[in-house]
There are 2 protein chains.
Amino acid sequence: MTRAAPNPARRIREDIEGRIHSGEWKPGTRIPIEQELAARYGCARATVSKALAELVAAGLVERRRKAGSFVAHPPVHSAVMTVPDLAELIAARGESYRWEARAILRRKNAGGADTLQIDGIHFAADEPFALENRTIELAEVPAAAEANFAAEAPGTWLLAHIPWTSARHVVRAVAATRAEAAALATGSGAACLQLERDTWRGDRPVTHVRQLFRGDRFDLVAEFQAGTGKREGN
Amino acid sequence: MTRAAPNPARRIREDIEGRIHSGEWKPGTRIPIEQELAARYGCARATVSKALAELVAAGLVERRRKAGSFVAHPPVHSAVMTVPDLAELIAARGESYRWEARAILRRKNAGGADTLQIDGIHFAADEPFALENRTIELAEVPAAAEANFAAEAPGTWLLAHIPWTSARHVVRAVAATRAEAAALATGSGAACLQLERDTWRGDRPVTHVRQLFRGDRFDLVAEFQAGTGKREGN
DNA sequence: TGGGTCATTATGTCTAGACATAATATGAGG
DNA sequence: CCTCATATTATGTCTAGACATAATGACCCA
């Protein structure tokens, strides 16, 4: 039980990472077996295994039983995209936001439960920033029926009240209709970024939202650090 | 050394996950200390620690020394977005693609090294699908100077030849200029999705690409499974 | 009361050894 | 030469114990 380095696992990971980055070990290259790495770095096999597991999580390495560990082939280019709550995003920019509910109505959905429907506009610095059309399943979020969406945007409210979700985003460029263009203070047919988000809790739908941004006022930014698994976002 | 369950770590993780999902443990709730969990589940503390580490990676849990482990507050809504190589994406749809280089020229960049610049069009089913403007830093990818981009799109070629990268994506809705509209066989001013991607190897730039899609023909889709860290993409 | 010091505590990491598992490689039999 | 059962091998996971580290909170002193 000699403690070789302060951070053996990290040292191993960074060493292998370096060899892959530098091109010394190309995609498909077989990485020495764990026992050999353990001997080389003077540590236990479990430590090597942990380092390799982190490299797998980062997408740099593939492991197959019996076969061994290999440098991963450049995969589909994936990125961690941060799609913040809209109101939070605006607040973070040091700007103000307002929520203007334009319609709140209920309707029976297929299961017989109520669905809350809310349409509104987000403002930043007194300029219209985004249109939002949202539905909330009251069966999953009964408290939403009592919430005051004049004081707090539905997205913010939901983020604070819903424990956890899975989500599906669809991003698309669309031309603004005449009504949309008027609401966003731009020209009819202007290019807009449409973000649709379906959110579930477990496998039951919670909310659906469509947000429409003026194309000249909004970007989606995604950063991806390959190899570290480090997440960083807009 | 009694082997309690076939997968203690997994069982622990799913149990805690369930409590968080169900709302039994709300954000900010303190999770019992590892020793207690180890006793409760009848396993070693290292196993509990591993399970908690996975929950941290999934964003469900926060851990602080001395303080303990806590249910994470609903974070910024992040999603793993898969932005595949364009040619690969088209091929996966069972459609064909063609690459038409329109210009290949070199220029000296600030450092004095060569930059390769390529403009082209992607086709799917004989319809123009996307415009692409790309620069490649030859200092980082010297082999690109010899590559035959008539046979293989630059994105595909780079994916196969560059070991690893970090990347930054910017997604924006823009109106097509007259020339762009003509190339995409759509109307002038049509809403298009513009994807810009800067790619680095370490901290040195490798390539920059701007891809312009017809808004009515292309979506970006991002799936996010909160709590599992599972990645699934378009 | 204010502030600095120190012991406590819970997580962070590692070790050495063990057994489980799956995929490959090998060899026997047809 | 092909096929199927078996042995081998490398990863996957776990245990029990140890030491490291950082943040908290209590204690003591000015």
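**Notebook: two DNA strands and the protein around them**

I began with the backbone of A:K66, where a polar atom lies 3.3 Å from a sugar or linking oxygen of DNA strand D. I note at the outset that the model I am reading is a predicted one.

**Entry 1, DNA strand D.** I then listed what surrounds this strand and found 26 residues, with A:R45, A:R63, A:R65, B:P8 and B:T47 the closest. Of the atoms of DNA strand D that come within 4 Å of the protein, sugar and phosphate account for 74%. Two phosphate contacts went into my notes: a phosphate oxygen of DNA strand D is 2.6 Å from an N or O atom in the side chain of A:R63, and a phosphate oxygen of the strand is 3.0 Å from a polar backbone atom of B:A9. I also asked which elements supply at least two residues each to the surface near DNA strand D. They are α3, β2 and β3 of chain A, together with α1 and α3 of chain B, and α3(B) gives the most, with four residues. Sorted by class, the surface near DNA strand D has 13 charged, seven nonpolar and six polar residues.

**Entry 2, DNA strand C.** Here I counted 24 residues around the strand, of which A:P8, A:T47, B:R45, B:R63 and B:R65 come nearest. Of the atoms of DNA strand C within 4 Å of the protein, 74% belong to sugar or phosphate, while the rest belong to bases. What do the side chains of A:R45 and A:R65 approach on this strand? For A:R45, a polar side-chain atom lies 3.4 Å from a base nitrogen of DNA strand C, and for A:R65, a polar side-chain atom lies 3.4 Å from a base oxygen of DNA strand C. On the backbone of the strand, I recorded a phosphate oxygen 2.7 Å from an N or O atom in the side chain of B:R63. Two or more residues of the surface near DNA strand C come from each of α1 (8-22) and α3 (45-57) of chain A, and from each of α3 (45-57), β2 (61-64) and β3 (68-71) of chain B. The largest share, four residues, comes from α3(A). By class I noted 12 charged, seven nonpolar and five polar residues on the surface near DNA strand C.

**Entry 3, salt bridges.** Over all chains, the structure holds 24 salt bridges, and I followed several of them. In chain A, A:E17 forms a salt bridge with A:R13, with 3.8 Å between the closest N and O atoms. Both residues, A:E17 and A:R13, lie in helix α1 of chain A, four residues apart, which is about one turn of the helix. Is A:E17 buried or exposed? I count A:E17 as buried because its relative accessibility is 12%, under the 20% cut-off, whereas A:R13 is partly exposed, with a relative accessible area of 23%.

In chain B, I looked up the salt bridge between B:E14 and B:R10, whose closest N and O atoms are 3.1 Å apart. B:E14 and B:R10 are separated by about one helical turn, because they stand four residues apart in helix α1 (residues 8-22) of chain B. Relative accessibility is 40% for B:E14, so this residue counts as partly exposed, and B:R10, at 44%, counts as partly exposed as well. I further noted that the side chains of B:R19 and B:E24 meet in a salt bridge (2.9 Å, N to O). Returning to chain A, I found A:R13, A:E17 and A:E54 joined into one network by salt bridges that share partners.

**Entry 4, a sheet in chain A.** I traced an open sheet of three strands in chain A, with the order β1-β3-β2 and antiparallel pairing. Strands β1 (30-31) and β2 (61-64) of chain A stand at the edges, each with a single partner strand, so one side of each has no neighbour in the sheet. Between β1(A) and strand β3 (residues 68-71) of chain A, which run antiparallel, there are two bridges. A:I31 stands opposite A:S69 in β3(A).

**Entry 5, B:Q194.** Last, I turned to B:Q194, which lies in strand β9 (residues 191-201) of chain B. B:Q194 counts as buried because its relative accessibility is 8%. The side chain of B:Q194 makes a polar contact with the side chain of B:R210 at 2.8 Å. Leaving aside neighbours within four places in sequence, I listed B:V170, B:V171, B:R172, B:V174, B:R210, B:Q211 and B:L212 as the residues in contact with B:Q194.

How values were computed
Residues numbered from 1 in each chain as written. Chains lettered and ligands numbered in written order. Predicted model: local features only at pLDDT ≥ 70, side-chain atom pairs only at ≥ 80, totals over all residues. Heavy atoms only, no water. Buried < 20%, exposed > 50% of the residue type's maximum accessible area, 1.4 Å probe, protein only. Polar contact = N/O pair within 3.5 Å; in protein donor to acceptor, adjacent residues only side chain to side chain. Contact = heavy atoms within 4.5 Å. Near = heavy atom within 4 Å. Nonpolar A, V, L, I, M, F, W, Y, C, P; charged D, E, K, R; others polar. Salt bridge = Lys/Arg side-chain N within 4 Å of Asp/Glu carboxyl O. Pairing = 2+ DSSP bridges.
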